[in-house]
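Let us walk through this structure in steps, beginning with its cysteines, moving on to its nonpolar cores, and ending with one residue in a helix.

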Amino acid sequence: MAVLRVPSWATMGILTFCGMIVSLQQTLVIPLLPDLPEILDVSADDASWLVTATLLTGAVATPIVSRMADMYGKRRMLLVSLGVMTVGSLIAALGGNFPAMLVGRAMQGFGASLIPVGMSIMRDQLPREKLAGGIALMSATLGIGGALGLPLSGVLYGAFGWTSLFWATALVGTVFLIAIPLTLDESTERSPGRFDVVGALLLTIVLVGLLLPLSKGATWGWTSGEVIGLTVLSLVCLAIWVPLQLRMREPMVNLRTAFRRPVLFTNISSYFVGFAMFLNSLVTTQELQVPADTGYGMALPVAVAGLAMVPGGLMMLVFSPISARMLNRWGGKTVLLTGGVVMGVTYLWRMFNNDAVWEIMMGNMLVSVGSAIAFAAMPALVMASSPRNETASANGVNALVRSMGTSSGSAVVALVFASLTVTVNGAVFPSAQAMFTANGLGLAVCVASVLFGAIIPARERDEKGDDVITGPAPVREVVKEVQEKVEP
């Protein structure tokens, strides 16, 4: 098939809109959750699986599809992921019952791999001067879509019914399935070898065993047999998977790349940034919607509260090109630290300033600005230290780490909200102390992100052209010890 020659901005736009659709569908059913038990004739706990299924399949698909993109073609796997997501939307729209919706939502989770694969395509196809802007915008789509998805889903649901949400994503997915083969060349970069089936299966068990308790722990009980059993299973499989990956010539995840000093510390910092970003949405939603009698709530209707969160998403969109210019001028490490500091200072301010709607909106917007800045730096740092034929896989691991951060944030904040409560007119809500604690937790994880970002060593070359360890002596010793364990 002949590929149309399109300018670099069009390539960037196509990939960015794909990422936007992915992030939109992750929050697609949240406005429906209160009504889904009645719509589908299931319990509230069963209905929550429609969110959990997307989370799990997204987490599993991201590293696997990213690895296959490096091996078999990035455009090809982009189309496969988009196709699975689109078919899932059709199944959910046409099925009309809980099993069909569950299958459809699980298939939609495959779309999460579009973002790291899209970034790797940008690295192959965009001019060097455009790359930072493309990566910054693509990386920010997760936060942008999440912020804009809630009010958009609410509008579609209210105007056209619940199936309209899935018809909309199916329609957009179909458009891109037609546009991508016509406008994007297949990458010539390949990572040859055989696909690591055993490693993929073990990684699937590790991720499901870790993320499922985080998602359902509040319902099952954190000391329940299900939570303990799945956690133990995950840790056992992880203990098998890591040495297996280190011994294999063609591993599912190249841990030697993952443990390179810049990549390792970038991923750890990314975990905390993901935690802080998702915590922002949870806290802001509570502050805007709960009754005023709680001592902090603004008691806004759901639709109004959703609109009040839109500026946060727009700020991520606005700051993406600004972040790109910061990357070109200062480099990834400085930009990552800047984003973490902006988020941390904002959480400190929010601990003492949430008495008016404008203060809550300002806090949400500033955390979103920090998220956009930090998100722009992460893939740039990872790709700078990864071989070109492992770009998608390395970005997939980074996206997975961020996803684990958001999942952990959801679980920890849910525990805080459940532990510190106040009763208003017979209903239980998180207390003002819970909000103060949650914002303090946001400050703490931002500090952790900055600390790990600060020890990302600069990449320098010795006279032989090999990477050398830079930074303070204690840091050099630590990273040297890790490197000796994972590098032959």
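The structure holds zero disulfides, a disulfide being a pair of cysteine sulfur atoms within 2.5 Å. This is a predicted model, in which local features need pLDDT of at least 70 and side-chain atom pairs count only at pLDDT 80 or more, while totals for chains, interfaces and linings use all residues. Residues are numbered from 1 along each chain as its sequence is written, and side-chain values use heavy atoms, with hydrogens and water left out.

Cys18 counts as buried because its relative accessibility is 2%, where buried means under 20% relative accessible area, exposed over 50% and partly exposed in between (1.4 Å probe, protein chains only). Cys446, at 3% relative accessibility, likewise counts as buried.

The largest nonpolar core (a set of buried Ala, Val, Leu, Ile, Met, Phe, Trp, Tyr and Cys residues joined through side-chain atoms within 4.5 Å) has 43 residues, of which Leu336 and Phe417 touch the most other members. Several helices (DSSP runs of H or I, at least four residues, numbered from the N terminus) each supply at least two residues of this core, among them H7 (128-160), H14 (332-350) and H16 (391-419). Helix H15 gives the most to this core, with 10 residues. Apart from this core lies another, of 30 residues, including Leu82 and Leu184.

Gln245 has its place in helix H10 (residues 225-247), and this residue is buried, with a relative accessible area of 1%. Leaving aside residues up to four places away in sequence, Gln245 touches Asp196, Gly199, Pro251, Met252, Val253 and Leu255, contact meaning heavy atoms within 4.5 Å.
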